[in-house]
Amino acid sequence: MALPLLGFDVHSHTDPLDVYDACLEFFQAGGRHVDVGFTVEHLRAVAKALERSGLSRADLFVTLHTSLENMGYESTARIAQKALKELGSSYIDLVLLNAVDDNQSRRRNTFTIPMDGWSMDLASTWAALEHARRLGLTRSIGVANFELDDFLELANVASEPPIVASMELDLVGAHHIPLLRHCATRQIQAIVRGMFEKPGLLTSLDLSLQEASRHGGRGRAASMLAVRWAFLRDVAVVVPSKSEEANKPNLTEVMAAVWTGGSPLPDEVTANLDGHFWSWRPPVDVPKRLSFGLASCPDGRGVTSPEACEDAAVQLGLPLALAHQRSFSADSLPQGCSVKPSREDASVWEVYFNDRANGKARSDMALVCLQESTAPRQGRTLFLSMCMGSTYFGRYCAPFLASFQRVYGSSPRGWHSLRIWTIGVDNSVLKRARTVFGGCDITFDEDPQSQLLYTWQETFGGSVDAIDEQGVETFENASHGCLREVDTPGAEVWNCAKSPHDERVRFNNIMFFKWARRQLEATKDDGFDWAVILDSDTLFVRSLERFLPPSPKESEAFDYAFTYYDHLHKVPWGDNRDVSRTNGGFVRLNGGVQLLRHFAHAHSIVDYLVQVTSLFLKDWNPDAPATTKEMLREFKGPSQAAIATLVNPENLYWDSCAACSPHFASTPVELEDGSIIKVRSQGLPARFLNQAESLPGGRLTDDTYVLHLKGTWWRMLIDNELPTLTEHRTLPWNFEAYDLWMLFYRVWNPEWAGLPALNEL
């Protein structure tokens with residue numbers, strides 16, 4: 001019997017009666033493929049349901065997994081015999097060698113064993129499955145939850161290579177893509193699971209899904225789109241028999257998709273799903289500025305022959321159009337596998353394998369003609385942000401990271417980099433973040449909170465009384481502007497009063513910018529074109545290619561850019577003058593997103609901002625000089641006042657802003673050695689890059705690139721799950737921004753169903 005496109009996973013049940021009921025319902029709906037996972041004992045219930053349904057054994061396709069606990073020839077053979085006895089059959093249709101156990105722990109991470117021990121277990125277990133297939137005890141054998149490296153290692157020791165590969169859907173880290181693409185190019189049947197178990201990942205694919213039902217229907221609608229796409233691509237799907245009710249698959253609906261062979265999808269949905277299931281993320285470091293010089297293939301890929309080099313080309317995610325062998329000069333090629341542009345056509349990539357035997361320059365070349373590739377339209381960018389505290393990380397930083405993955409996930413690996421300074425975030429949270437957002441060029445730079453707290457108190461003395469009185473937890477909470485309070489047991493609320501907000505402003509604009517300065521200094525020779533320093537309570541909506549082109553020319557680009565409210569900024573609570581003009585007639589500034597050309601003196605600009613901000617913070621008292629108080633009052637904060645000082649207020653008049661796009665202002669900045677440089681500054685509209693205001697009709701515009709969930713109103717909504725009404729904020733004025741946050745938050749917390757009270761508004 002051929003593998004049915006739809007499978008039914010019953011292994012999560014603990015009661016055999018539940019397995020019996022679920023299978024009977026599945027059979028009656030037309031399903032024919034049951035996956036029992038590791039639970040051999042469930043096979044008896046499957047057999048009883050089959051008998052009750054009136055179907056024959058030939059009508060049923062059964063899949064069994066062997067766990068890591070049973071690796072080895074004898075253990076695998078015992079499991080196979082027990083499975084046949086429980087099912088009451090002479091064969092199992094498909095047995096999968098699973099790289100994780102029933103607790104979802106990968107053997108290489110769970111057991112401290114040498115690599116040769118793993119290889120021996122892998123080889124002996126697979127030999128047992130090959131033997132069982134030759135005896136007719138199983139019709140087919142394959143693998144589940146294998147990384148591509150493990151799959152290729154198994155292929156090297158197997159007499160019969162796997163013909164089926166089952167994998168977990170991963171739309172954030174994209175870990176499934178290398179093996180899935182390998183299967184597609186090698187006629188290996190792929191099985192994908194996880195579509196209904198993790199609907200939050202799928203709801204982030206397409207913003208049109210936010211119009212689906214607000215009562216759990218969004219996740220199911222997204223899952224069904226993915227199922228229909230899979231059937232169109234001849235990818236088999238396993239759906240769960242047990243899941244959250246709101247996300248539980250409708251068997252009638254799923255079977256209808258099977259019978260129709262997958263009904264057509266809108267082109268934009270198909271393209272979106274193709275991009276996330278099959279998208280190319282080359283596992284090689286991209287040469288600086290995408291000059292496409294020779295780039296070594298990654299270690300651990302087993303590239304030891306021209307044939308393996310051809311496989312490596314496929315693993316890069318680009319379709320294979322032509323492959324043949326011919327002689328080629330090896331003098332200029334590194335040992336092993338490499339990638340370079342074609343001499344005849346720069347839009348064609350070629351993959352070479354070089355084997356210098358005994359020091360002789362001999363080369364076998366696998367020439368692979370690849371699809372046209374274009375350099376990213378945004379210059380290489382270093383993004384810098386900060387996350388403090390585990391609670392803040394989950395509510396704000398995780399959606400921020402998910403938005404970065406969505407916007408920049410298809411960029412060549414190493415082209416952009418997002419570095420997060422984490423303070424006081426639990427190791428378990430960071431471990432999960434590395435898994436969820438792995439492969440997206442996101443790194444975490446961890447610092448101990450106690451040392452930072454000491455440094456902060458040494459710098460600002462008694463200005464952090466709240467820290468002394470309430471401890472480190474208060475400091476952590478102050479990082480996003482609110483303090484946790486408990487009025488009654490179990491009644492936790494957040495106090496978003498001004499004092500902790502001021503503390504956050506102080507910390508962000510001193511300690512965070514000092515860290516950012518170190519990152520700029522450390523990466524000055526890494527080939528980045530731009531650097532963006534931004535708050536982590538922002539969300540990426542679109543890539544910033546419009547503002548950050550590749551290889552910027554010094555004479556045409558800004559050295560430093562800030563965001564300001566321009567004459568076209570609209571708000572529902574007033575006119576443009578209310579939001580864009582200060583009392584003294586200057587443009588209103590926002591410090592949440594700042595951009596720099598990543599040149600030799602970029603860190604000096606940040607040094608200047610830190611020094612000026614420090615002066616404003618230390619003088620932020622009743623005895624401060626009149627000019628200092630006037631700047632703070634006019635620009636409403638030390639960071640904005642520091643920006644105004646750098647750019648010069650004379651260049652920031654609302655009626656004639658000399659530093660606002662498309663204009664530039666050139667102002668002097670003193671370097672550490674006493675020399676002076678001219679900094680070319682430019683203001684970019686906040687409605688583009690730092691949209692922190694309510695929106696007319698609550699709808700995002702096509703020119704929104706970065707959304708900023710700024711202020712007490714957002715803290716109350718996200719932390720307290722409490723929508724409030726203020727002069728400048730209501731939920732109807734912010735509903736698309738909140739929907740976007742929910743989409744990205746579900747990537748981190750897929751089980752979160754939303755707020756019923758808000759869904760009614």
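These are my notebook entries on helix α2 and a few other places in a predicted model.

**Entry 1: the whole chain**

I began with the overall counts. The chain has 761 residues, and 57% of them count as buried. I found 26 helices and 25 strands in it. I then looked at contacts between residues at least 6 apart in sequence; 72% of these join residues at least 24 apart.

**Entry 2: the length of α2**

I picked helix α2, which covers residues 42-53. It has 12 residues, and from the first C-alpha to the last it reaches 17 Å. At 1.5 Å a residue I would expect 16 Å, so the value is close, given that the expected span counts one less than the number of residues. Just after the helix comes Gly54, and I noted that its phi is positive, near 85°.

**Entry 3: the two sides of α2**

Which residues of α2 are buried? I listed His42, Leu43, Ala45, Val46, Ala49 and Leu50. Looking down the axis of α2, I see these buried residues within an arc of 160°, so they line one face of the helix. I reminded myself of the general rule: an α-helix has 3.6 residues a turn, so residues three or four places apart point the same way. On the face turned away from the buried side I found the exposed residues Glu51 and Arg52.

What covers the buried residues of α2? I noted three strands, β2 (33-35), β3 (61-66) and β4 (92-98), and also the helices α1 (16-29) and α3 (73-87), among what covers them.

**Entry 4: α2 against α3**

I looked at α3 next. Two packed helices are described by the angle between their axes and the distance between the axes. For α2 and α3, the axes come within 7 Å and cross at roughly 30°. Angles under 35 degrees count as roughly parallel, and α2 and α3 are therefore roughly parallel to each other. I put down their crossing as right-handed.

Which residues meet between these two helices? From α2 I wrote down Leu43, Arg44 and Ala47; in α3 they meet Ala83, Glu86 and Leu87. Leu43 is also on my list of buried residues of α2.

**Entry 5: Arg517**

Last, I looked up one arginine elsewhere in the chain. Arg517 is in helix α18, residues 498-522. Is Arg517 buried or exposed? Its relative accessible area is 16%, and buried means under 20%, so Arg517 is buried. Leaving out residues up to four places away in sequence, I found that Arg517 touches His603, Val606, Asp607 and Glu672.

Technical notes. Residues are numbered from 1 along each chain as its sequence is written. This is a predicted model: local features need pLDDT of at least 70, side-chain atom pairs count only at pLDDT 80 or more; totals for chains, interfaces and linings use all residues. Side-chain values use heavy atoms; hydrogens and water are left out. Helices (H or I, at least four residues) and strands (E, at least two) are DSSP runs, numbered from the N terminus. Buried means under 20% relative accessible area, exposed over 50%, partly exposed in between (1.4 Å probe, protein chains only). The arc is that of the directions from the helix axis to the C-beta atoms. Contact means heavy atoms within 4.5 Å. Axes are lines fitted to C-alpha atoms, for helices over the stretch in contact, and angles run from 0 to 180 degrees between N-to-C directions. Angles under 35 degrees count as roughly parallel, over 145 as roughly antiparallel, 65 to 115 as roughly perpendicular and the rest as oblique. A crossing is left-handed if the near helix is turned anticlockwise from the far one by less than a right angle, and right-handed if clockwise.
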